[in-house]
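Reader: Please take a close look at the enclosed space inside this protein and what lines it. Then relate it to the open pockets, and finish with any single residues that merit a remark.

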Amino acid sequence: MNIMTFREISPKISINEMKELGKLSGQTLKHKEERDNELNAIINGEDDRLLLVIGPCSSDNEEAVLEYARRLAKLQEEVKDKIFIVMRVYTAKPRTNGDGYKGLIHQPDSKGNPSLINGIKAVRELHYKVITETGLTTADEMLYPENLPLIDDLVSYHAIGARSVENQQHRFVASGIDAPTGMKNPTSGNLNVMFNGIYAAQHAQNFLFNYAEVETEGNPLAHAILRGGVNEYGKNIPNYYTENLLDAIKIYEKMHLKNPFIMIDTNHNNSGKQYLEQIRIVRQILINREWNEKIKKYVRGFMIESYLEEGRQDEPLVFGKSITDPCLGWDNTKELIYEIYKKEAK
């Protein structure tokens with residue numbers, strides 16, 4: 001007889017009850033829907049503004065995240081005719097070996113013990129506060145597909161990470177998301193893996209989800225995020241150079257995928273986690289867009305890791321400084337957004 005080793009340590013979660021926490025309504029709901037329509041238009045090419053998905057690597061501290069959001073919202077207002085900003089509010093972090101800080105959903109207090117019930121509440125509250133207090137809409141990583149129904153009404157942009165993009169459940173669940181869903185290339189850098197994931201996400205699927213058989217219509221807003229890779233010797237292999245972009249565009253055209261859109265993740269293996277390199281990478285992409293019409297048509301977004309203070313720390317001692325990957329600080333972030341704006345306004 002097989003004995004399951006799973007031990008329930010909380011009551012069953014009611015999705016409906018959880019969604020009553022931080023529920024949008026009235027003018028705030030209307031505002032989110034309007035921004036979501038603008039975001040969709042950017043992905044499908046009806047709106048030629050650049051998309052900027054930017055914010056902390058991990059949203060570990062509500063007060064710091066909201067302070068960042070307030071500053072970012074003011075900048076969005078200044079550059080809104082050329083740049084559309086969605087704020088990274090990443091609340092679940094993949095860990096290579098399972099150790100380390102796993103995000104707000106695991107630890108609502110980054111110094112405390114795991115508490116996923118309180119973590120889910122904290123996640124909904126944080127997304128809700130960013131939207132209602134600043135007017136920005138938010139992005140999060142779909143690390144756990146089964147958690148999607150707990151936040152899908154609040155999150156405007158979903159990302160599927162390098163370690164998840166090969167997973168069939170992530171691909172199939174993405175096919176049922178009614179929102180832009182960026183799919184990263186895997187850590188190997190293999191573009192075919194990512195594009196097969198996009199293909200699966202854009203097509204109708206039939207599978208088990210939340211203990212029921214479901215069918216989806218496909219998500220035409222699923223698209224590519226290039227984040228670099230690492231080879232078998234542990235060396236970073238960036239994929240934001242001209243030839244990399246043209247290779248990705250060729251695959252898009254060969255596969256006849258809907259709404260071709262490429263976002264460049266300026267950190268991770270593209271920067272080698274040298275956070276200041278993000279500035280140079282953005283500059284290079286802007287030059288490529290200016291010189292090559294095909295790149296300008298396809299490459300229309302940046303994903304940037306940025307927080308109040310630059311760099312990273314092991315323990316949450318400095319307010320607004322990352323405890324996961326190193327980030328640009330606010331001053332550099334502001335100048336970079338102005339730089340993008342001036343380039344696009346030419």
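Author: Helix α5 gives the most to the lining of the largest cavity, with three residues. The model is a predicted one, and every value below is computed from it. A search of the whole structure finds one cavity of 30 Å³ or more, and the volume of this largest cavity is about 180 Å³. It is lined by 15 residues, of which Ile105, Asp140, Glu141, Asn147 and Ile151 are the closest to its centre. Two or more lining residues come from each of α4, β3 (138-141) and α5 (148-151). By class, the cavity lining divides into ten nonpolar, three polar and two charged residues.

The open spaces come next. The largest pocket holds about 1,200 Å³ of space. Its lining has 24 residues, and those closest to the centre are Ser10, Ile13, Glu146, Asn147 and Tyr211. Asn147 thus appears among the residues closest to the centre of the largest pocket and also among those closest to the centre of the largest cavity. Helix α4 (residues 116-134) provides the largest share of the pocket lining, three residues, and α4 is also one of the elements that give two or more residues to the cavity lining. In the lining of the largest pocket there are 14 nonpolar, six polar and four charged residues.

The second largest pocket has a volume of about 430 Å³. Its lining also has 24 residues, with Pro94, Arg163, His268, Lys273 and Asp325 the closest to its centre. Strand β4 (155-160) and helix α9 (268-271) each supply at least two of the lining residues. The classes here are six nonpolar, eight polar and ten charged residues, whereas the largest pocket has 14 nonpolar and four charged.

Some single residues remain. Two that are not glycine have a positive phi. For Asn210, phi is about 50°; this residue sits in the loop between β6 (206-209) and β7 (212-215). Asn210 is classed as partly exposed because its relative accessible area is 37%, between the limits of 20% and 50%. For His256, phi is near 55°, and the residue belongs to the loop between α8 (242-255) and β11 (262-265). His256 has a relative accessible area of 68%, so it is exposed, the cut-off being over 50%.

Is Ala201 buried or exposed? Ala201 lies in helix α7 (residues 191-202) and counts as buried because its relative accessibility is 0%, where the limit for buried is under 20%. Leaving aside neighbours within four places in sequence, Ala201 is in contact with Arg171, Ala174, Ser175, Met183, Gly218, Asn219 and Ala222. Cys57 is 144 residues away from Ala201 along the chain, and the C-alpha atoms of the two are separated by 25 Å.

To return to the request: the enclosed space is the cavity of about 180 Å³, to which α5 gives three lining residues. The open spaces discussed with it are the largest pocket, at about 1,200 Å³, and the second largest, at about 430 Å³.

Technical notes
Residues numbered from 1 in each chain as written. Predicted model: local features only at pLDDT ≥ 70, side-chain atom pairs only at ≥ 80, totals over all residues. Heavy atoms only, no water. 1 Å grid on protein atoms, 1.4 Å probe; cavity = no way out; pocket = protein on both sides within 12 Å on 5 of 7 lines; lining within 4 Å. Points joined across faces, edges and corners; volume = space filled by probe spheres on them. Helix = DSSP H or I, 4+ residues; strand = E, 2+ residues; numbered from the N terminus. Nonpolar A, V, L, I, M, F, W, Y, C, P; charged D, E, K, R; others polar. Buried < 20%, exposed > 50% of the residue type's maximum accessible area, 1.4 Å probe, protein only. Contact = heavy atoms within 4.5 Å.
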